[in-house]
Structure formats: structure tokens, C-alpha cells
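Work through the exercises below with the sequence and the model side by side. Each task is followed by a solution in steps.

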Amino acid sequence: MGVDRMERRSVMGTMRENDLVQTPAACCIPLAATGMSEEEAETTARVFKALADPHRVRIVNLLANAEGPVCVCDITPQLGLSQPTVSFHLKKLVAAGLLGREQRGVWAYYSIDREALGRLATIFRMEEANR
């Protein structure tokens, strides 16, 4: 086993860096030319992390189907959770950029940020030209 490793090292040692960048084989499908930047990937990962909780997914679903901003007091009974717990989840979704928050007196009203959902959907959008 030790000899095998040594042989691989000597073979790899003779390869130039340019030798590793080759045209894809006929069996390989090339990646799309456009990709996501590192910053976009980090932002998107934060959104997915916020959506990694089933209660938060339900909140997003409730607000996506609401006709307007919804009071936290109306979300709480839908989830069967305490108001502080629902507020905690809402805070995470606001921080991720998925929800907007509006203070009206002592109550907070939340709405879905449709533009953020649209950006999220582009991750999964397939281009016809790439098929």
C-alpha cells in the first residue's frame, strides 16, 4: 500500500497544473456558464437555514397565502405554539430576509417578502437552453 502511494505521488508530481484542466469527456455534461457568487451562496444558505425548521416553513406558507400583513396574535393559534416561541421563529425569518415586519401599537404584523421568494426560486429555475 505504501508503494502504491509513492507511485501516485511520482506520477502526480510530473503532471503540470494545465494538464488537470481538460475538455470534458464525451460522457460528461458541462456545467452551466453562469453560477452563483460566494456572497449569493452565503445569503441563500442563511435563508435555507431559516427554513430548516418545520414551524418556520408553516409560517412562510401561512403568510404566502395571506391577503395582507398578519398579526402575530393570529399566527400563534395556527401553530399551536406560545406567542414568544412564534415571535422567535418570526424574528429568524425576518433576519433571513423572507419576511417584512410592521409595528402597529403593541402588535407586530408580518408579511412575506415576495421579491425574496422570487430570488430564492431562481436557484431552482432551469433554463431551457441548458436541457
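**Exercise 1. Find the contacts of Thr-44 outside its own stretch of sequence.**

Solution. Contact means heavy atoms within 4.5 Å. With neighbours within four places in sequence left aside, Thr-44 touches Met-36, Leu-120 and Ile-123. Next, place the residue: Thr-44 belongs to helix H2, residues 38-50. Helices (H or I, at least four residues) and strands (E, at least two) are DSSP runs, numbered from the N terminus. Last, grade the burial: buried means under 20% relative accessible area, exposed over 50%, and partly exposed in between, with a 1.4 Å probe and protein chains only. Thr-44 has 14% relative accessibility, so it counts as buried.

Two remarks on the source apply throughout. The model is predicted, so local features need pLDDT of at least 70 and side-chain atom pairs count only at pLDDT 80 or more, while totals for chains, interfaces and linings use all residues. Residues are numbered from 1 along each chain as its sequence is written, and side-chain values use heavy atoms, with hydrogens and water left out.

**Exercise 2. Describe the chain as a whole.**

Solution. Start with the secondary structure, which comes to 6 helices and 3 strands. Along the sequence their order is α-α-α-β-α-α-β-β-α. Then take burial: the chain has 131 residues, and 20% of them count as buried. For the contacts with a separation of 6 or more, 52% join residues 24 or more positions apart. Finally, the exposed area of the chain is about 10,200 Å², of which carbon and sulfur atoms supply 56%. Accessible areas come from the Shrake-Rupley method with a 1.4 Å probe; for residues, only the protein chains shown count as cover.

**Exercise 3. List the salt bridges and state how exposed each partner is.**

Solution. A salt bridge is a side-chain nitrogen of Lys or Arg within 4 Å of a carboxyl oxygen of Asp or Glu. The whole structure holds 2 salt bridges.

- Glu-102 pairs with Arg-104 at 3.0 Å, N to O. Glu-102, at 37% relative accessibility, is partly exposed, and Arg-104, at 38%, is partly exposed too.
- Arg-119 pairs with Glu-115, with the closest N and O atoms 3.2 Å apart. Both lie in helix H6 (residues 114-121), and because they are 4 residues apart, about one helical turn separates them. Arg-119 is partly exposed at 48%, whereas Glu-115 is exposed at 58%.

**Exercise 4. Trace the surroundings of Pro-69.**

Solution. Pro-69 lies in the loop between helix H3 (54-64) and strand E1 (70-71). Its relative accessible area is 39%, so Pro-69 is partly exposed. Beyond its neighbours within four places in sequence, Pro-69 contacts Glu-102, Arg-104, Tyr-109, Tyr-110 and Ser-111. Take Glu-102 from that list: 33 residues separate it from Pro-69 in sequence, and the C-alpha atoms are 8.2 Å apart. Now take Arg-104: its charged end sits over the ring of Tyr-109, 4.0 Å from the ring centre. The rule for this is NZ of Lys or CZ of Arg within 6 Å of the ring centre and within 35 degrees of the ring normal.

**Exercise 5. How many disulfides are there, and are Cys-71 and Cys-73 buried or partly exposed?**

Solution. A disulfide is a pair of cysteine sulfur atoms within 2.5 Å. By this rule the count is 0. Cys-71 is buried, with 2% relative accessibility, whereas Cys-73 is partly exposed at 32%.
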